[in-house]
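The following note was prepared for a colleague who wishes to examine the model in detail. The points are numbered for ease of reference.

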Amino acid sequence: MHQSHIALLSTLLLTTPLVSSLKIASALGVLEWTPELVAKEDYFQGDVDIVNGGIASLFSDPTVDLGSNSETQLLLQFGSHKNLRTIGTVAEVYYRIVANKNSGINTLEDLKGKKIGALRSTSSEYFVQTYLGTVGLEPTDYTVVNGLGCLQAPCAANTFPAMLKSGSIDAIGMWEPSVELGAEALGPDAIVFGGNQTVYREIYNLATTSEKLGNPAKRAEIVQFLKALKQAESVFQSDPSKVIGRAADAVKTNDTLLEAVWPVHKWDVRVPPDMLDVLVDEDKFVASYGRREAIPRETLATVIDASVLEEALGA
């Protein structure tokens, strides 16, 4: 009897799929991370713990397997952690600027001499620099004012939409939904730029380390999560009505607001073909904040590991 129990247990161990367990650190106050939640709840076969954080968490908490942030944060961390690897996108977002027409703003050029709400050293400030550079404006031509984003009205006094409404800033340039909330706060006095801009998009990406990928068991779990994420993203693309409510609940906002900003988001898991070019250009900005030299192109190329997604899509 004892031997039969052992045989049965052995059979169960051989036939029962291994349960994966991953810990992911993401910026839980932004819309971009929400496909990870749907992947966790609907498609991934295993346990996933999603905590507030980001790519930096990979180096402050050894239990974190994956981190997600914009490409700006990827570059900030790669400057001191050359074992960092980006393995695919979660979202690509085309930022916009909303401005107050009562400040005499009718064109992008009119932002010269104005106060623009943006988060310093982030994709927000880089977007403002890049977009305004297309009309010949230099960073010295305007003032970047720090503040906070807002997820739904009413927005606190220290958030960008409230600052725009009060007149303490003239414009906002960042991710959603703060820009949309700024436009709503101003009503007919709002003017929005960038609805069709193509000079900058946030590449909100999933990253890990070379050590995690070098561990066969952990790599297999990461591959399976990418596969689940791809399934979740297909719903975000093809039938957003099924996930907008869940995404709104996850970031503590409302469905109507997310519906309004959904079109500026591209939901897909991929390694963009221009990823290296984007990183090379953007690292000049990041290097100025990191007080370091820009990283050479051949070194930046090592932060991109397309093999993991290739494995997931081929699985």
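Which strand gives the most to the lining of the largest cavity? The points below begin with that question; the model under review is a predicted one.

1. **The cavity.** Strand 4 gives the most to the lining of the largest cavity, contributing 4 residues. The structure holds 1 cavity of 30 Å³ or more, and about 40 Å³ of space lies in the largest cavity. Its lining is made up of Thr86, Ile87, Gly88, Thr89, Ile203, Asn205, Arg270, Val271, Pro272 and Met275. Strand 4 and strand 10 are the elements that give two or more residues to this lining.

2. **Strand 4.** This strand spans residues 84-93, and 10 of its 10 residues are buried, so strand 4 is largely enclosed by the rest of the structure. Its pairing with strand 10 (residues 202-209) is antiparallel and runs over 8 bridges; within that pairing, Arg85 has Thr208 as its bridge partner. Strand 4 is also joined by 2 bridges to strand 11 (residues 265-266), again in the antiparallel sense. There, the bridge partner of Glu92 is Lys266.

3. **Strand 10.** With 8 of its 8 residues buried, strand 10 is likewise largely enclosed by the rest of the structure. In a regular strand the side chains alternate between the two faces of the sheet. Here Glu202, Tyr204, Leu206 and Thr208 point one way, while Ile203, Asn205, Ala207 and Thr209 point the other way, and all are buried. Two members of the second set, Ile203 and Asn205, are also among the residues that line the largest cavity. Besides strand 4, strand 10 pairs with strand 3 (residues 66-69), in the antiparallel sense and over 3 bridges. In this pairing Ser68 stands opposite Leu206.

4. **The nonpolar core.** Which residues of the largest nonpolar core touch the most other members? In this core of 97 residues, they are Ile97, Leu111, Leu132, Leu206, Phe225 and Leu226. Helix 9 (residues 216-238) supplies the largest share of the core, namely 9 residues. Leaving aside residues up to four places away in sequence, Leu226 touches Ile87, Leu206, Val269, Val308, Leu309 and Ala312. Of these contacts, Ile87 also lines the largest cavity, and Leu206 belongs to strand 10.

5. **Helix 7.** Helix 7 covers residues 178-186; 7 of its 9 residues are buried, so this helix is largely enclosed by the rest of the structure. The buried residues are Ser178, Val179, Glu180, Leu181, Gly182, Ala183 and Leu186. What covers them includes strand 5 (96-100), helix 6 (160-166), strand 8, strand 9 (190-193) and helix 11 (255-261). Just after helix 7, Gly187 adopts a positive phi of about 60 degrees.

6. **Ile172.** This residue lies in strand 8 (residues 171-174). Is Ile172 buried or exposed? Its relative accessible area is 0%, so Ile172 counts as buried. Apart from residues up to four places away in sequence, Ile172 touches Arg96, Ile97, Val98, Gly117, Phe160, Pro161, Leu164, Ser178, Val179 and Gly182. Among these, Ser178, Val179 and Gly182 are buried residues of helix 7, and Ile97 is one of the core residues named in point 4. The C-alpha atoms of Ile172 and Ser241, which are 69 residues apart along the chain, are separated by 28 Å.

7. **The disulfide.** The count comes to 1 disulfide, which joins Cys150 to Cys155 with an S to S distance of 2.1 Å. A disulfide is a covalent bond between the sulfur atoms of two cysteines. The torsion about the S-S bond of Cys150 and Cys155 is about -90 degrees, so the disulfide is left-handed. Cys150 is buried, its relative accessible area being 8%, whereas Cys155 counts as partly exposed at 21% relative accessibility. The cut-off for buried is under 20% relative accessible area, so the value of 21% places Cys155 in the partly exposed class.

8. **Gly195.** This residue is found in the loop between strand 9 and strand 10. With a relative accessible area of 52%, Gly195 is exposed. The C-alpha atoms of Gly195 and Leu309 are separated by 30 Å and are 114 residues apart along the chain. Leu309, for its part, is one of the residues that Leu226 touches.

Definitions and conventions: Residues numbered from 1 in each chain as written. Predicted model: local features only at pLDDT ≥ 70, side-chain atom pairs only at ≥ 80, totals over all residues. Heavy atoms only, no water. Buried < 20%, exposed > 50% of the residue type's maximum accessible area, 1.4 Å probe, protein only. Pairing = 2+ DSSP bridges. Contact = heavy atoms within 4.5 Å. Core = buried A, V, L, I, M, F, W, Y, C linked by side-chain atoms within 4.5 Å. Disulfide = S-S within 2.5 Å. 1 Å grid on protein atoms, 1.4 Å probe; cavity = no way out; pocket = protein on both sides within 12 Å on 5 of 7 lines; lining within 4 Å. Points joined across faces, edges and corners; volume = space filled by probe spheres on them.
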